Amino acid sequence: SKITLTVIKADVGGFVGHTDVHPELLEIAKKHLKEKGKMLIDFHVTRVGDDIELIMTHREGIDNEEVHKLAWDALWSCGEKAKELKLYGAGQDLLKDSFSGNIKGLGPGVAEMEIEERKSEPVIIFMADKTEPGAWNLPLYKMFADPFNTVGLAIDPNMHQGFKFEVYDMIGHKKIIFETPEDIYDMLVFIGATGRYCIRRVYTKNNEIAAVSSTQRMNFMAGKYIGKDDPVLIVRCQNGLPAVGEALEPFANPYLVAGWMRGSHNGPMIPVSLEDAVPTRFDGPPRVCALGFQLAEGKLIGPQDFFKDVAFDNAREKALEIADYIRKMGPFEPHRLPLEELEYTTLPHVVKKLQGRWKEE
Ligand code: F6R
Ligand code: MG
Ligand code: MG
């Protein structure tokens, strides 16, 4: 029978400020999944920056009420502890008081896929802090559509036909399927606009799921700005899909993403080990971690902390240089995000305050 891989994440309180998760919260989450997660085959609890990440396997399919409720209750218990320790922003991503059927729309981020486990099933869970779902567009494009990144697209007969990308419009609430390489030029028009469009799923041409990302935009959901969404991404690898090294390769160039301080700045995405995923400089710069697992009848064999590799040292160094450079721009674009992106924060207040002082010309 099929295996479902579910990743659910939330920031339920930072330690200290927005930098990390307190270890007691992780213990609570582990204990909860262990004691209450009878339907799980396996789980792995970790954190990246101030986000708790629940990685779970089961046979219940996606959007399963019991699995989502299990994660909600675990995060809720963590939130209660966060309140007791007066951690920063305790309970912040738990936008509703109670669970109602599906965790989507309640604040936490979700990425899940139901798969027929292959003879060998290597998967990577990418987890980012201080950025937004559109941050996966560039690396997903490179992994699944750019032969300069993924040479398999050119030389592996199993990949040569290309992939299908499901792109979601986070403002218009619409989706479209692009076929690559045929539709690449059309697709790039949209996925280059990372604040609005995001690649939600990638399929093989035989409609097998290859990648899935979390696509909530909490600031749209909440009606007021409450932080960026610190997305997760699941990528299946090898044997007709990107090799592990092809899936990691896009992060060797620290591309710019939106997020960082107050969710309002562009900055370089730094690939780091879990240990180094404690964003402090100007509350950042944005981080990405990659944990590899081999699935064995749903068991999570791992993790392998991929960005520990010294081969990503140059990317880190370059990212730090970019950070120094761009920080000097202070509150000026394009370091600070354009006004449309700040629409959900201070802009309406300032506009209101200055009403009457602007004169028509
Ligand atoms: C970025 C982030 C932080 C906060 C900043 C201000 O995603 O979470 O940069 O925006 O620390 O936080 P408050 O407004 O809670 O003081
Ligand atoms: Mg936070
Ligand atoms: Mg976070």
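**Group meeting talk: a buried helix and two magnesium ions**

Let me begin with helix H3, residues 137-145, where 7 of the 9 residues are buried, so this helix is largely enclosed by the rest of the structure. By buried I mean under 20% relative accessible area, while exposed means over 50% and partly exposed lies in between, with a 1.4 Å probe and protein chains only. The buried residues of H3 are Asn-137, Pro-139, Leu-140, Tyr-141, Met-143, Phe-144 and Ala-145.

Before going on, please keep in mind that this is a predicted model, in which local features need pLDDT of at least 70 and side-chain atom pairs count only at pLDDT 80 or more, whereas totals for chains, interfaces and linings use all residues. Residues are numbered from 1 along each chain as its sequence is written, chains are lettered from A and ligands numbered from 1 in the order in which they are written, and side-chain values use heavy atoms, with hydrogens and water left out.

Now to the whole protein, whose secondary structure comes to 10 helices and 15 strands; these are DSSP runs, numbered from the N terminus, with helices (H or I) of at least four residues and strands (E) of at least two. The radius of gyration is 20 Å, close to the 21 Å that the globule rule gives for 361 residues, so the protein is as compact as a globular protein of that length. That radius is taken over C-alpha atoms, and the rule is 2.2 Å times the number of residues to the power 0.38. Along the principal axes, the C-alpha atoms fill a box of roughly 65 × 50 × 40 Å, and 56% of the 361 residues count as buried. If we take contacts (heavy atoms within 4.5 Å) with a separation of 6 or more, residues 24 or more positions apart account for 68% of them.

Let us turn to the metals. Which residues hold the magnesium ion that is ligand 2? Its protein donors are Asp-11 (OD), His-18 (ND1) and Asp-50 (OD), lying 2.0 to 2.2 Å from the ion, and along the chain they follow the spacing D-x6-H-x31-D. Asp-11 lies in the loop between strand E1 (3-10) and helix H1 (23-36), and Asp-50 in the loop between strand E2 (40-48) and strand E3 (51-58), so the pair ties together parts that are 39 residues apart in sequence. Asp-11 is buried, with a relative accessible area of 2%, and for Asp-50, also buried, the value is 2%. A donor here is an N, O or S atom within 2.8 Å of the metal (3.2 Å for Na, K and Ca), and because water is not among the atoms, sites may look incomplete.

The magnesium ion that is ligand 3 has as protein donors Asp-50 (OD), Asp-51 (OD), Asp-129 (OD) and Asp-230 (OD), at 2.0 to 2.5 Å, spaced D-D-x77-D-x100-D in sequence. Asp-51 in strand E3 and Asp-129 in strand E5 (residues 121-129) link distant parts of the chain, 78 residues apart, and both of these residues are buried. The two magnesium ions, ligands 2 and 3, are 4.1 Å apart, and Asp-50 coordinates both.

Finally, a word on Gly-61, which sits in the loop between E3 and helix H2 (65-84). Is Gly-61 buried or exposed? Gly-61 is buried, with a relative accessible area of 8%. Leaving aside neighbours within four places in sequence, Gly-61 is in contact with Thr-4, Glu-112 and Glu-114, and its C-alpha atom is separated by 9.0 Å from that of Ile-115, 54 residues apart along the chain.
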